[in-house]
Amino acid sequence: MRKDMLMGFPAKLLAADEEIELDVHPHWKVLAAPAAALVAACGAAGFSMALVPEGESKPWLRWAVALLALAAIVRWAVLPWLNWLSTRYVVTSQRLIVRSGLLARDGRDMPLVRVDDVSFRQCSPLERLLGCGTLVVESSEQRGRVVLVGLPQVEAAQRDLYRLVVERAAARPGGRG
């Protein structure tokens with residue numbers, strides 16, 4: 001994997017005068033369940049291997065337990081982690097960018113000049129405690145809604161995005177800001 005893909009949003013995908021203001025993955029809280037699944041699968045596999053009775057089939061049964069544990073780890077720990085790793089929320093000086101997907105990629109860009117409303121939700125006390133939530137960005141276009149679920153520091157992101165929208169609008173000829 002290239003260094004620019006590991007370190008953040010690739011600069012080659014930006015316009016000449018475009019600067020990154022925010023570049024984040026969803027909040028780490030989405031990894032709590034996969035981490036618990038990893039611990040549970042390892043514990044269950046170890047316990048199950050200890051219960052395998054002596055005999056000719058012991059090595060085969062242990063391999064079967066190991067393969068089942070590995071399948072569970074891949075399904076409920078590795079794939080969610082890779083999904084988290086491949087999801088990016090980027091705000092630049094000109095647009096909002098959402099990219100996600102492992103093998104097939106989904107992408108959505110919304111120019112800041114088209115943004116009409118920026119709001120956020122924190123649906124639980126845990127989200128308030130962790131400072132994460134859902135950011136909803138709306139425009140008057142036909143597909144004019146972008147929802148960023150599990151955004152870290154959602155209130156600061158909403159405030160900064162709104163500031164950028166106002167600045168972009170004021171910079172346009174006949175701007176509304």
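1. A starting point on wording: a residue is called buried when its relative accessible area is under 20%, exposed when it is over 50%, and partly exposed in between. By that rule Glu18 is buried, because its relative accessibility is 7%. Please keep in mind while reading that this is a predicted model.

2. Glu18 is a good place to begin with the charged side chains. The structure holds nine salt bridges, and in one of them the side chains of Glu18 and Arg95 meet, at 2.7 Å from N to O. Arg95 sits in strand β3 while Glu18 belongs to the loop between α1 and β1, so this pair ties together parts that lie 77 residues apart in sequence. Arg95 counts as buried too, at 17% relative accessibility.

3. Next, have a look at Asp109, which forms a salt bridge with Arg99; their closest N and O atoms are 2.8 Å apart. Here Asp109 is in strand β4 and Arg99 in strand β3, 10 residues apart, and the pair links distant parts of the chain. Asp109 counts as partly exposed, with 32% relative accessibility. Through shared partners, salt bridges join Glu18, Arg95, Arg99 and Asp109 into one network.

4. Another pair to find on screen is Glu54 with Lys58, whose side chains meet in a salt bridge of 2.7 Å, N to O. The two partners differ in cover: Glu54 is exposed, at a relative accessible area of 67%, whereas Lys58 is buried, at 17%.

5. Now for the cysteines. Why is Cys123 not bonded to Cys132? The sulfur of Cys132 is the closest cysteine sulfur to that of Cys123, yet the distance is 9.8 Å, too far for a bond; a disulfide would need the two sulfur atoms within 2.5 Å. Cys132 is likewise in no disulfide, and the structure as a whole holds zero of them. If you are thinking about where each cysteine sits, Cys123 counts as exposed at 60% relative accessibility, while Cys132 is buried at 0%.

6. Cys132 also turns up among the neighbours of Glu127, a residue in helix α4 (residues 125–130). Leaving aside residues up to four places away in sequence, Glu127 touches Lys29, Arg121, Gln122, Cys132 and Gly133. Is Glu127 buried or exposed? With 9% relative accessibility, Glu127 counts as buried.

7. On the strands, β6 (residues 133–139) and β7 (residues 145–151) run antiparallel and are joined by five bridges. A hairpin of five residues connects β6 to β7. To get your bearings in the pair, look for Val136, which stands opposite Val147 in β7.

8. The surface has a nonpolar patch of about 1000 Å², built from Trp63, Leu67, Leu70, Val74, Val78, Leu79, Trp81, Leu85, Leu102 and Leu103. Of these, Leu103 can be found in the loop between β3 (95–100) and β4 (106–111). Leu103 is exposed, with a relative accessible area of 86%.

9. One last distance to check in the viewer: Leu13 and Met49 are 36 residues apart in sequence, and their C-alpha atoms are 50 Å apart in space. Leu13 lies in the loop between α1 (3–7) and β1 (20–24). Its relative accessible area is 44%, so Leu13 is partly exposed.

Key:
Residues numbered from 1 in each chain as written. Predicted model: local features only at pLDDT ≥ 70, side-chain atom pairs only at ≥ 80, totals over all residues. Heavy atoms only, no water. Patch = residues over 30% accessible without salt bridge, like charges linked within 9 Å, V, L, I, M, F, W, Y side chains within 5 Å. Areas by Shrake-Rupley, 256 points an atom, 1.4 Å probe, with all protein chains shown as cover. Salt bridge = Lys/Arg side-chain N within 4 Å of Asp/Glu carboxyl O. Helix = DSSP H or I, 4+ residues; strand = E, 2+ residues; numbered from the N terminus. Buried < 20%, exposed > 50% of the residue type's maximum accessible area, 1.4 Å probe, protein only. Pairing = 2+ DSSP bridges. Contact = heavy atoms within 4.5 Å.
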